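Okay, thanks for coming, everyone. I'd like to walk you through a structure that's new to this group, so let me put it up on the screen.

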Amino acid sequence: MAVDLLLGLQWGDEGKGKIVDVLTENYDIIARFQGGPNAGHTLEFDGIKHVLHTIPSGIFHKGAMNIVGNGVVIDPVIFQKELENLKKFNLDIKSILLISRKAHLILPTHRLLDAASEAAKGKAKIGSTLKGIGPTYMDKTGRNGMRVGDLEFSDWKEKYRNLADKHEAMIGFYNVDVQYDLEELEADFFKAVEELKKLTFIDSEEYLFKAQKEGKKILAEGAQGSLLDIDFGTYPFVTSSNTTAAGACTGLGVAPNQIGEVKGIFKAYTTRVGSGPFPTELFDEDGATMGRVGNEFGATTGRPRRCGWLDLVALKYAVQINGVTELMMMKGDVLSGFKKLKVCTAYDYKGEKITHLPYNIEAENLTPIYTEMDGWAADLTKMTSADQLPKALNDYIQFLEKELEVPIKIVSVGPDRKQTIHR
């Protein structure tokens, strides 16, 4: 049985949590394959709004197993808070949430290193969420990291101490003022580790291999978005992991020939949190309206998101590098009320018209070239079927399908799981 993937195709915040929640009833296993608690996957159902950071978005569905894969980095303190927030739902967490032994741990000193590194950059800062994720992945690739499986051995605190001491020496190297009480941070960390150890640790690659042989249906859930991929994103304003389809193979131990459908999620417009280039960003009333109507604030950070028209050049690029087989368009309802919509279909790059994403998309190198389309005024949020959608929205969808050469199977018309139209 093939493993299906669900990925964000922009700069994150596309609505992956909602779609995983909607699709979970079709799958036996939901597996997160990369990223850390910088993710904020928002789910709304039965009048409840809930944000997940590390735990897979299938956690609320009975019968679904949820796996935190080896490619994920886990902060035990944040993880413990997530578990506390789930208690009111009376879930049997130990039996439905499994943690890969090969997943790396975020230490308190990783967060301090993150803060010191960002402070040292000054105006050139990348907009880190300061969760310690970058330094944790650096330790992973530097072969210094601590993994979940280390907690099963009696000497894990000794390994922790050696790494934390190294980090403190590195913090001094940055020569910036970072105030902290490590003793207090460590008390919270050690307490959270004891809670983490009560969960079920697995050799996830073996678990998933057996599940495939048994015919189980598996959905791999990504965090962040394709344009934040460490290799293929807008470097250096990116995250520290591979957010694209290839990351699912390394983040779960799934062979490339076992990948089935690649489901790509995008907003009907574009948003970005933090620093970095954004060709279609709007600084006018249209951008402000998108942010206000779309409630565009980071689920993890609370930071306002930058808003702009849909960038088809960047979206085509993401579809291409991921091998997307079907698309889901989110927040179509936010565009209701715009008399005219614009879609970026090409760039003027140093005087040349191009339709691919170049190495550098900073504003001094390019300007977007737009195609203008009619907008719609109808309130989409109560609509339940594709035949109710206004003509201008259907024209918009068909235009995108023609340009992207991939079908749009789902149109989201609101945050609740019920506000989802299948095409």
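I'll go through the charged pairs, a patch on the surface, the cysteines, a few backbone details and two long separations.

Some ground rules. This is a predicted model, where local features need pLDDT of at least 70 and side-chain atom pairs count only at pLDDT 80 or more, while totals for chains, interfaces and linings use all residues. Residues are numbered from 1 along each chain as its sequence is written, and side-chain values use heavy atoms, with hydrogens and water left out.

You'll hear me say buried, exposed and partly exposed a lot. Buried is under 20% relative accessible area, exposed is over 50%, and partly exposed is in between, with a 1.4 Å probe and protein chains only. The areas themselves come from the Shrake-Rupley method. When I say helix or strand, I mean a DSSP run, H or I of at least four residues for a helix and E of at least two for a strand, numbered from the N terminus.

Let's start with charges. Side chains of opposite charge can pair when their charged atoms come close. How many salt bridges does the structure hold? There are 25 salt bridges, each one a side-chain nitrogen of Lys or Arg within 4 Å of a carboxyl oxygen of Asp or Glu.

Have a look at K391 and D395. They pair up in a salt bridge, and the closest N and O atoms are 2.8 Å apart. Both sit in helix α12, residues 391–404, and they're four residues apart, about one turn of the helix. K391 is exposed because its relative accessible area is 64%, whereas D395, at 30%, is partly exposed. Elsewhere, D13, K267, E296, R305 and K331 are joined into one network by salt bridges that share partners.

Two other pairs are worth finding on the screen. E84 bridges to K87, with 3.2 Å between the closest N and O atoms. E84 is partly exposed at 42% relative accessibility, and K87 is exposed at 55%. Then there's K159 with D150, again a salt bridge, at 3.2 Å from N to O. Is D150 buried or exposed? D150 has 16% relative accessibility, so it counts as buried, while its partner K159 is partly exposed at 36%.

Now for charges in a patch. D181, E183, E184 and D188 form a negative surface patch. For a patch like this, we take residues with over 30% relative accessible area and no salt bridge, and join like charges within 9 Å; nonpolar side chains (Val, Leu, Ile, Met, Phe, Trp, Tyr) would be joined within 5 Å. Asp and Glu count as negative and Lys and Arg as positive, with His and the chain ends not counted. The charge is placed at NZ of Lys, CZ of Arg, CG of Asp or CD of Glu.

One of the patch members, E183, lies in helix α7, residues 182–196, and it's exposed at 67% relative accessibility. E186 is in helix α7 too, but E186 counts as buried because its relative accessibility is 10%.

On to cysteines. How many disulfides are there? Zero, where a disulfide would be a pair of cysteine sulfur atoms within 2.5 Å. Why is C307 unpaired? Its closest cysteine sulfur, in C344, is 16 Å away, which is too far for a bond. C307 is buried at 3% relative accessibility, and C249 is buried as well, at 16%.

Next, the backbone. The peptide bond from Y235 to P236 is cis, with omega near 5 degrees, and P236 is in the loop between β10 (218–221) and α9 (245–252). N295 isn't a glycine, yet it has a positive phi of about 50 degrees. You'll find N295 in the loop between α10 (285–293) and β13 (306–308), partly exposed at 45%. K350 isn't a glycine either, and its phi is positive at about 55 degrees. K350 sits in the loop between β16 (340–349) and β17 (352–354), and it's exposed at 60%.

Last, two separations, both C-alpha to C-alpha. E186 and T345 are 159 residues apart in sequence and 51 Å apart in space. H356 and E206 are 150 residues apart in sequence and 39 Å apart in space. H356 is in the loop between β17 and β18 (366–374), and it's partly exposed at 48%.

That's my tour, thanks for listening.

Note on methods. Accessible areas come from the Shrake-Rupley method with a 1.4 Å probe; for residues, only the protein chains shown count as cover.
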